[in-house]
Amino acid sequence: MKHFDAIVIGGGLVGSAIAYGLAREGLRGALVDEGDVAYRASRGNFGLVWVQSKGDGAPHYQRWTRRSADEWPGLAADLLTRTGISVGHERPGGVHLCLSEAELEERSARMERMREQSGNYGFEYRMLDHRELADMLPGLGPAVIGGSFTAYDGHANSLNLLHALHKGFVARGGRYFPNTTVTEAQAAPGEFRVAIDNDEISAPKVVLAAGLGNAILAPLLGLNAPVRPQKGQILVTERARRVLPMPTTTIRQTVEGGIMLGDSQEDVGFDTSQNPAVMQVIARRSVLSFPWLRDLQIVRAWAALRVMPPDGLPIYDQSERFPGAFTANCHSGVTLAGAHANLFAPMVASGALNPALDPFSARRFDVPAAA
Ligand SMILES: Cc1cc2nc3c(=O)[nH]c(=O)nc-3n(C[C@H](O)[C@H](O)[C@H](O)COP(=O)(O)OP(=O)(O)OC[C@H]3O[C@@H](n4cnc5c(N)ncnc54)[C@H](O)[C@@H]3O)c2cc1C
C-alpha cells in the first residue's frame with residue numbers, strides 16, 4: 001500500500017495540470033492514467049488558448065477563461081525553467097473570420113452581448129472589416145468580409161504542454177502510474193483508496209480528472225460529471241514559412257510552420273472515424289479564408305473527442321458526501337491549463353474550492369424536469 005497526499009485520476013491535460021500544480025504546492029502526488037486505449041482529447045486538440053467566444057450568457061466562464069489566459073505566460077515560463085520544454089505559447093491576439101453578412105451580424109451581436117454581460121470586469125473587442133483584416137493577415141481571401149479581434153487570445157503546442165506537465169510533475173517527486181485503469185475508489189474517513197492493478201494507493205485527497213471517464217468514476221465518490229463525447233476533426237498542412245502572425249478560430253500556424261485547420265463539432269457518440277465530407281467543409285472554408293492554402297499539401301488529419309458537459313461549461317466540485325474528493329472537467333483544457341495548474345490546484349491543496357467556482361458545480365444540472 002502506498003500513501004500519497006493526493007491522487008489525481010486521469011493524465012490528460014486537465015489531470016496533469018492539476019497534478020503539476022499540486023506538486024508545486026508541495027503535495028506528494030500520484031497521477032494515474034489509463035493510457036492509449038482511452039479517448040484522449042489532450043492528444044488530438046487544436047492548441048488554441050482561446051478567450052473571445054467563451055462565456056456568452058455565462059460571464060463567470062468568461063472571467064475564468066480570461067484568468068487562465070493571464071496565467072498562461074507564467075505557466076509556460078515556469079515549465080521551461082523546470083523541464084527545459086518550450087510549450088510554444090504565443091499571445092498575439094486572435095481573430096474570428098466571417099464569410100457572410102449573416103455570420104458577421106451574429107458575431108458582432110455576440111461580442112457586444114459579452115461586453116454587456118462582463119460588467120465592471122470589461123471585455124475589449126474590435127469588429128474589423130475586410131480591409132483592416134487584410135492588413136493584419138497576409139493573403140486573406142476576398143470571401144472574408146470581416147471578423148472580430150481580441151487581444152486575449154493565443155495558442156500553444158499542446159503536446160509539448162502535456163509532456164512538460166508530466167515531466168515537471170515527476171521532477172517534483174510525483175509518481176506517475178501509466179496504463180492503469182481505475183475502476184474502484186473507496187472513501188473512508190480522511191482517506192480515499194484507489195485500486196490499481198493488484199495494488200492499492202491511498203490519499204486524503206482525490207481529484208477525478210479522467211475526461212470522459214469521469215462520467216463513470218464521479219458517482220463512486222458522490223459526485224456527478226455527466227460529460228459526453230463531441231467529435232472534432234483537424235487537418236494539418238506541410239510546413240511553410242511563418243506567414244500567419246496570429247491564430248484564427250479555425251486556422252493557425254504552428255511554431256514549426258505547419259498550418260492546422262479545424263475544427264468541426266459532431267455529436268456522434270464514441271466514434272473517432274474521419275468523415276471526408278466534414279474534412280471537405282474544413283478545407284473549403286480554409287481556402288476561402290486564405291486562397292494560398294490551396295497550394296499546400298495536407299500531411300496529417302485526425303478526429304478526436306471533446307469532453308463536453310451538457311451546457312458546455314466546466315464542471316468543478318468537491319463531494320459533499322466525501323469531502324476531499326474533487327471533479328474537474330472541461331472542453332477547453334488547453335486554454336484552462338493556466339487556471340488548473342495555478343488557481344485550481346492550490347484550492348484543492350487548501351481543501352476548499354473558491355466560492356467563485358460555485359456556478360461550475362454539477363449541482364446546476366439537478367433542476368427537476370418540468371411537469
Ligand atoms: C478536435 C479537438 C480540438 C480541440 N481544440 C482545443 C483548443 O483549441 N483549445 C482548447 O483549450 N481545448 C481544445 N480541445 C479540448 C481539449 O483538448 C480538452 O479539453 C482537454 O484535452 C481535456 O483534457 P482531459 O484531461 O479532461 O481529457 P483527456 O485528454 O480525454 O484525458 C483523460 C485521461 O483520463 C484517462 N482516464 C480515463 N478514464 C480513466 C480511468 N478509469 N482510470 C484512469 N485513467 C482514466 C485517460 O487515459 C486520459 O488520458 C479540443 C479537443 C478536440 C477533440
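The following exchange concerns the ligand site, a pocket and a hairpin of a predicted model.

Me: Which residues come nearest to the ligand?
Reply: The shell around the ligand holds 40 residues. Those that come nearest are D33, S42, L48, G333 and T335.

Me: What percentage of the area that the ligand exposes alone does the protein bury?
Reply: Backbone atoms of the protein approach the ligand at several places: a backbone N or O atom of L13 lies 3.2 Å from a ligand oxygen, and one of V14 lies 3.1 Å from a ligand oxygen. A polar backbone atom of V334 is likewise 3.1 Å from an oxygen atom of the ligand. Taken alone, the ligand exposes 1,000 Å². The share of this area buried by the protein is 96%.

Me: Which element supplies the largest share of the shell around the ligand?
Reply: By class, the shell divides into 18 nonpolar, 17 polar and 5 charged residues. At least two shell residues come from each of α1 (13-24), β14 (228-237) and β17 (298-308). The largest share, 4 residues, is that of β17.

Me: Which elements give two or more residues to the lining of the second largest pocket?
Reply: This pocket holds about 490 Å³ of space. Its lining has 28 residues, of which N157, T254, E256, M260 and R300 are the closest to its centre. Two or more lining residues come from each of α5 (158-171), β14 and β17.

Me: How many charged residues does the lining of the second largest pocket have?
Reply: The lining of the second largest pocket can be divided by residue class. It has 9 nonpolar and 12 polar residues, and the number of charged residues is 7.

Me: Which residue takes a positive phi in the hairpin of β18 and β19?
Reply: Strands β18 (residues 315-318) and β19 (residues 325-329) pair in the antiparallel sense over 4 bridges. I315 has its bridge partner in β19, namely N329. Between the strands of this hairpin there are 6 residues. The residue with a positive phi, near 105 degrees, is G324.

Methods
Residues are numbered from 1 along each chain as its sequence is written. This is a predicted model: local features need pLDDT of at least 70, side-chain atom pairs count only at pLDDT 80 or more; totals for chains, interfaces and linings use all residues. Side-chain values use heavy atoms; hydrogens and water are left out. A residue is near a molecule or strand if one of its heavy atoms lies within 4 Å of it. A polar contact is a pair of N or O atoms within 3.5 Å; within protein, one must be able to donate a hydrogen and the other to accept it, and residues adjacent in sequence count only if both atoms are side-chain atoms. Accessible areas come from the Shrake-Rupley method with a 1.4 Å probe; for residues, only the protein chains shown count as cover. Ala, Val, Leu, Ile, Met, Phe, Trp, Tyr, Cys and Pro count as nonpolar, Asp, Glu, Lys and Arg as charged, and the others, Gly among them, as polar. On a 1 Å grid over the protein atoms alone, a cavity is a set of points where a 1.4 Å probe fits but cannot get out, and a pocket is an open set with protein on both sides within 12 Å along at least five of seven lines; lining residues have an atom within 4 Å of a point. Grid points are joined across faces, edges and corners, and a volume is the space filled by probe spheres set on the points. Two strands pair if DSSP finds at least two bridges between them.
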